[in-house]
Amino acid sequence: MNPKITDSPVAAFGFDSAHCFIGGDWKPAIEGGVLELENPSTGERLCSIARGTQTDIDAAVVAAQTAMQTGWGRSTAVERGRALQRLSQLVLAHVDALAQIESLDVGKPLKQARADAVALARYCEFYAGAADKVHGETLPFMEGYTAFTLREPHGVTGHIVPWNYPMQIIGRSVGAALAMGNACVLKPAEEACLTALVFAELASQAGLPAGALNVVPGLGSEAGSALSAHTGVNHISFTGSFDTGVKIQTSAAQSVVPVTLELGGKSAQVVFDDANLDAALPFLVNAGIQNAGQTCSASSRILIQRSVYQTVLSRMAEHYTALQVGNALDDLHLGPLISVRQKDIVSSYIEQGSDLNKVAVGQLHEAAANGYFVLPTLFADVSPNHVLAQEEIFGPVQVLIPFDDEDDALAIANGTPFGLVASVWTNDGGRQMRMAKALRAGQVFINNYGAGGGVELPFGGVGKSGHGREKGFEALYGFSTLKTVAVAHG
Ligand code: NAD
């Protein structure tokens with residue numbers, strides 16, 4: 001192998017950004033195709049990446065199957081934990097470089113990109129520690145028998161991830177799958193995949209054997225659909241849009257392959273009149289505008305009890321007018337959206353709110369002109385049935401909705417087809433418990449939102465937000481299968 005290092009932000013890591021990582025080697029896509037990445041802060045070309053297709057996915061699946069039959073498949077849980085621990089340390093040693101690369105590729109302000117890199121290290125650390133803590137059980141059974149369960153890897157796991165939080169999503173899905181002893185084929189998003197490639201290089205440096213982790217960049221309609229339909233893949237973890245999730249589940253069903261779907265949301269924060277507003281305010285705004293609103297768990301609906309509605313509205317508006325938008329490397333509150341396409345989608349939602357009370361917008365930093373910027377926009381007095389209160393916008397747009405009482409708040413909060421995250425701000429203990437139980441969501445936060453990133457906290461949705469759980473210890477059950485053994489011994 002003699003990689004030709006193109007002039008790319010990953011050159012310092014010693015591999016060609018236009019290569020796939022398969023069976024421990026960097027190689028160009030077999031059909032020779034490349035795709036161009038853009039810097040969303042400037043609209044300029046960033047570098048080339050490989051355009052992997054069916055043949056590269058075939059090669060990656062064979063490499064993963066081989067790893068399962070040899071080194072990685074025979075490793076002990078403690079060996080896998082140590083490998084992940086070394087990987088975590090390597091990620092931590094390169095946090096600044098990873099953050100720079102992610103800022104250029106995704107358009108994240110540096111501080112957010114750095115937090116994602118630290119989270120990637122933390123996922124590896126968490127799953128390193130968990131690898132040798134997963135075990136089966138002995139089962140009370142008939143006289144003369146001993147019965148027990150074994151937790152086993154699926155085999156080859158496919159991971160299809162989006163562009164918005166590449167490092168965090170890779171950490172939570174690949175980290176857990178590797179800990180359970182699976183060999184992974186990762187298909188990062190075509191819009192942003194550089195940190196996935198660096199992660200593969202660091203995994204190799206950490207001593208993961210060839211084929212334990214393979215990365216094939218490419219288009220969803222080519223490499224992505226080849227992976228989700230591949231008969232050699234034993235489990236698919238998908239994070240992305242509802243429409244793609246439906247396609248992936250449909251195609252995996254043809255070979256009855258289990259699928260975890262982490263899809264979108266329309267998450268609500270519910271503010272009661274007894275809440276500590278000083279504590280709530282930063283969460284109400286940040287959970288909507290973080291990563292320029294391109295967050296599955298973005299809190300795009302703020303439900304406010306009428307008696308404090310005007311107060312919360314004016315305090316949020318104050319925050320909004322101070323928000324600065326600009327080049328990711330300038331590290332302001334918001335960077336650009338990922339692409340001109342995403343900018344057009346979000347702008348068209350904002351136009352659909354032209355009949356609404358637009359109470360505040362942020363400011364564009366003067367140096368930022370050519371990127372895919374959308375100003376954060378706050379709408380008030382929005383009907384719960386308005387399109388802006390029902391559909392996932394995936395941009396920096398929040399709607400304020402007044403409510404009267406607990407029943408009213410619940411009906412509105414549960415009144416979309418999604419169910420990813422919700423939060424409740426109240427000091428009434430009984431109400432905290434009633435709301436936590438009645439809200440239709442995979443995660444409910446009381447007097448906080450997002451809880452420190454929540455590496456330890458199982459995450460996933462109900463309804464159109466998907467099914468299955470990643471993060472926390474729970475993910476290890478999703479990335480393994482249970483075998484029951486009954487021994488007749490008299
Ligand atoms: P997307 O569905 O367009 O793409 C996600 C991934 O799927 C990419 O890697 C893409 O190449 C691939 N893909 C596209 N078409 C495919 C196909 N036919 N077969 C196989 N793979 C295919 O989503 P996106 O626009 O990149 O991401 C935004 C969406 O992701 C939003 O809806 C957001 O809410 C959701 N999301 C969810 C979570 C979560 O944890 N629940 C996290 C991040 C993003």
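**Figure 1. Contact between helix 4 and helix 5 in the predicted model.** Helix 4 contributes Val95, Asp96, Leu98, Ala99, Gln100, Glu102 and Ser103, which meet Leu110, Ala113, Arg114, Ala117 and Val118 of helix 5. Sorted by class, the residues of this contact are 7 nonpolar, 2 polar and 3 charged. Helix 4 spans residues 95–106 and helix 5 spans residues 110–130; their axes come within 8 Å and cross at roughly 125°. The two helices, helix 4 and helix 5, are therefore oblique to each other, an angle counting as oblique when it falls outside the roughly parallel, roughly antiparallel and roughly perpendicular ranges. The crossing of helix 4 and helix 5 is right-handed.

**Figure 2. Packing of helix 6 against helix 7.** Helix 6 (residues 166–179) and helix 7 (residues 194–205) pack at an angle of about 45°, and their axes are 9 Å apart. That angle makes helix 6 oblique to helix 7. The crossing of this pair, helix 6 and helix 7, is right-handed. On the helix 6 side the contact is formed by Pro166, Met167, Ile170 and Val174, and on the helix 7 side by Thr195, Ala196 and Phe199. By class, the contact of helix 6 with helix 7 holds 6 nonpolar residues, 1 polar residue and no charged residues.

**Figure 3. Strand 10 and its pairing with strand 7 and strand 11.** Strand 10 covers residues 235–239, and 5 of its 5 residues are buried, so the strand is largely enclosed by the rest of the structure. Burial applies to both faces of strand 10: His235, Ser237 and Thr239 lie on one side, Ile236 and Phe238 on the other. Strand 7 (residues 156–160) pairs with strand 10 in the parallel sense over 4 bridges. In strand 10, Ile236 stands opposite Gly158. Strand 11 (residues 259–262) also pairs with strand 10 in the parallel sense, over 4 bridges. Here Thr239 stands opposite Glu262 of strand 11.

**Figure 4. Surroundings of Ala252 in helix 9.** Ala252 belongs to helix 9, which runs over residues 242–253. The relative accessible area of Ala252 is 0%. Buried residues are those under 20%, and Ala252 is therefore buried. Apart from its neighbours within four places in sequence, Ala252 is in contact with Ser228, Val257 and Val259. Pro28 is 224 residues from Ala252 along the chain, and the C-alpha atoms of Ala252 and Pro28 are separated by 27 Å.

**Figure 5. Open sheet of 7 strands with mixed pairing.** The strands of this sheet follow the order 15-17-18-13-12-19-20. Strand 15 (357–361) and strand 20 (443–446) stand at the edges; each has a single partner strand, so one side of each is left without a neighbour in the sheet. On average, neighbouring strands of this sheet are turned by 20° against each other, direction ignored. Strands of a sheet pair through backbone hydrogen bonds, either parallel or antiparallel.

**Figure 6. Pairing of strand 19 with strand 20.** Strand 19 (residues 421–425) and strand 20 are joined in the parallel sense over 4 bridges. Within this pairing, Val424 has Ile446 of strand 20 as its bridge partner. Strand 20 is one of the edge strands of the sheet and has a single partner strand.

Note on methods. Residues numbered from 1 in each chain as written. Predicted model: local features only at pLDDT ≥ 70, side-chain atom pairs only at ≥ 80, totals over all residues. Heavy atoms only, no water. Axes fitted to C-alpha atoms, helices over the stretch in contact; angles between N-to-C directions. Parallel < 35°, antiparallel > 145°, perpendicular 65-115°, else oblique. Left-handed = near helix turned anticlockwise from the far one by under 90°. Contact = heavy atoms within 4.5 Å. Nonpolar A, V, L, I, M, F, W, Y, C, P; charged D, E, K, R; others polar. Buried < 20%, exposed > 50% of the residue type's maximum accessible area, 1.4 Å probe, protein only. Pairing = 2+ DSSP bridges.
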